[in-house]
Amino acid sequence: MDPSIYQFPDIFRCVHMEAPGDIAREVRFLQEVWRHHLKRPVRRVLDIACGNSPHGQILARASIEVAGIDRSPTMIAAGRAEAAGLKGLRFYRRRIEQFQLPEKPFDTAFFMSETFPIMIHNRDIITHLQSVAASLKRGGLYCIDIDRQGGVELVSQRTLWRERTVQAGDAQVEVREYHRPIEWHEAIHSIYELECTIHFGDRAVITRDVIPVRYITPPLMDLTARASKKFEMLAAYADLSITRPIAQCYGRWLAVLRRI
Ligand SMILES: C[S@@+](CC[C@H](N)C(=O)[O-])C[C@H]1O[C@@H](n2cnc3c(N)ncnc32)[C@H](O)[C@@H]1O
């Protein structure tokens, strides 16, 4: 089996087309949402699928306590190394589908990087929300960053979607993204395949991540929250803006759920 891009934490950031300042902007928006919907200070935060927790690192520097969960030991190791000496940022190796933490309840939780739609089974989405709810105070917020469904077409065979070359430090990376066929009756909208050929100079490594994606729109998130019996949906914000109408959403939206 090919390795995963998450085994190369520095390179994954360049592959995902992250621009300088993006993470800080996301953190500022989360804090704006917290101020808007939570009438008490945020002192303890849970970062879901945290990777190396770039958001958590910014928050911890602002004296907020952060715990992150992720399944990847490599991403967690990178986060621990980057956060060395930073008090108040802890990592746990957990799967997002169902987890428990030896922690007091948090004020808020967040799930960034548009990763929520990788949960494709009804059962996993519900146990995920129940796990997050068990880690949150009553009235606590759960903010979920979701990409806007861009009209993915069904394909009958593996089809190249887009390709580009990026520079990641000394490594040059050829990135190819594919769509794979799905059955009409599946609960997913596409199978996304990310292939990266990383040229390290004298050798090349090919990574491959195959990710079934189940898009979710604001009304479906509202339904999902109700089905969990643990959350209600308060708002859907477009493109890191409190004021932009959701119908004008360009790239991503943020679901804001409240623990009931
Ligand atoms: C796109 S990265 C985002 C990392 C981080 N939140 C950020 O903004 O940089 C997605 C992360 O989700 C993690 N992940 C994917 N599936 C997971 C699962 N089932 N359970 C736990 N973590 C998972 C990966 O290991 C990876 O670190």
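These legends accompany close-up views of a predicted model.

**Figure 1. The whole chain of the predicted model.**
The chain contains six helices and 11 strands. Taken along the principal axes, the box filled by its C-alpha atoms is roughly 55 × 50 × 35 Å. A compact globule of 260 residues would have a radius of gyration near 18 Å, and the chain agrees with this because its own value is 18 Å.

**Figure 2. The ligand and the shell of residues around it.**
The ligand is surrounded by 19 residues. Arg13, Ala49, Asp70, Ile96 and Ser113 are the closest of them. By class, the shell holds eight nonpolar, five polar and six charged residues.

**Figure 3. Polar atoms of the protein beside the ligand.**
Which atom of the ligand is 2.5 Å from the side chain of arginine 13? It is an oxygen atom, and its partner in the arginine 13 side chain is an N or O atom. At alanine 49 the backbone takes part instead: one of its N or O atoms lies 2.8 Å from a nitrogen atom of the ligand. Isoleucine 96 likewise has a polar backbone atom 3.0 Å from a nitrogen atom of the ligand. How much of the ligand does the protein bury? The ligand taken alone exposes 590 Å², and 97% of that is buried by the protein. Two elements, α1 (9-15) and α3 (54-61), each give two or more residues to the shell around the ligand.

**Figure 4. The second largest pocket and its lining.**
This pocket holds about 250 Å³ of space. Its lining is made up of 15 residues. Those nearest the centre of the pocket are Asn122, Ile125, Arg214, Ile216 and Thr224. Two elements, α5 (122-134) and α6 (218-228), give two or more residues to the lining. Which element supplies the largest share of the lining of the second largest pocket? That element is α6, with four residues. Sorted by class, the lining of the second largest pocket has 11 nonpolar residues, three polar ones and one charged one.

**Figure 5. The largest cavity and the residues that line it.**
Rolling a probe the size of a water molecule over the atoms shows where empty space is left. How many cavities of 30 Å³ or more does a search of the whole structure find? The search finds one. The volume of the largest cavity is about 40 Å³. Its lining includes Val152, Glu153, Leu154 and Val155. His179, Arg180, Pro181 and Ile182 also line the largest cavity, as do His189 and Ser190. The lining of the largest cavity divides into five nonpolar, three polar and two charged residues.

Note on methods
Residues are numbered from 1 along each chain as its sequence is written. This is a predicted model: local features need pLDDT of at least 70, side-chain atom pairs count only at pLDDT 80 or more; totals for chains, interfaces and linings use all residues. Side-chain values use heavy atoms; hydrogens and water are left out. On a 1 Å grid over the protein atoms alone, a cavity is a set of points where a 1.4 Å probe fits but cannot get out, and a pocket is an open set with protein on both sides within 12 Å along at least five of seven lines; lining residues have an atom within 4 Å of a point. Grid points are joined across faces, edges and corners, and a volume is the space filled by probe spheres set on the points. Ala, Val, Leu, Ile, Met, Phe, Trp, Tyr, Cys and Pro count as nonpolar, Asp, Glu, Lys and Arg as charged, and the others, Gly among them, as polar. A residue is near a molecule or strand if one of its heavy atoms lies within 4 Å of it. A polar contact is a pair of N or O atoms within 3.5 Å; within protein, one must be able to donate a hydrogen and the other to accept it, and residues adjacent in sequence count only if both atoms are side-chain atoms. Accessible areas come from the Shrake-Rupley method with a 1.4 Å probe; for residues, only the protein chains shown count as cover. The radius of gyration is taken over C-alpha atoms; the globule rule is 2.2 Å times the number of residues to the power 0.38.
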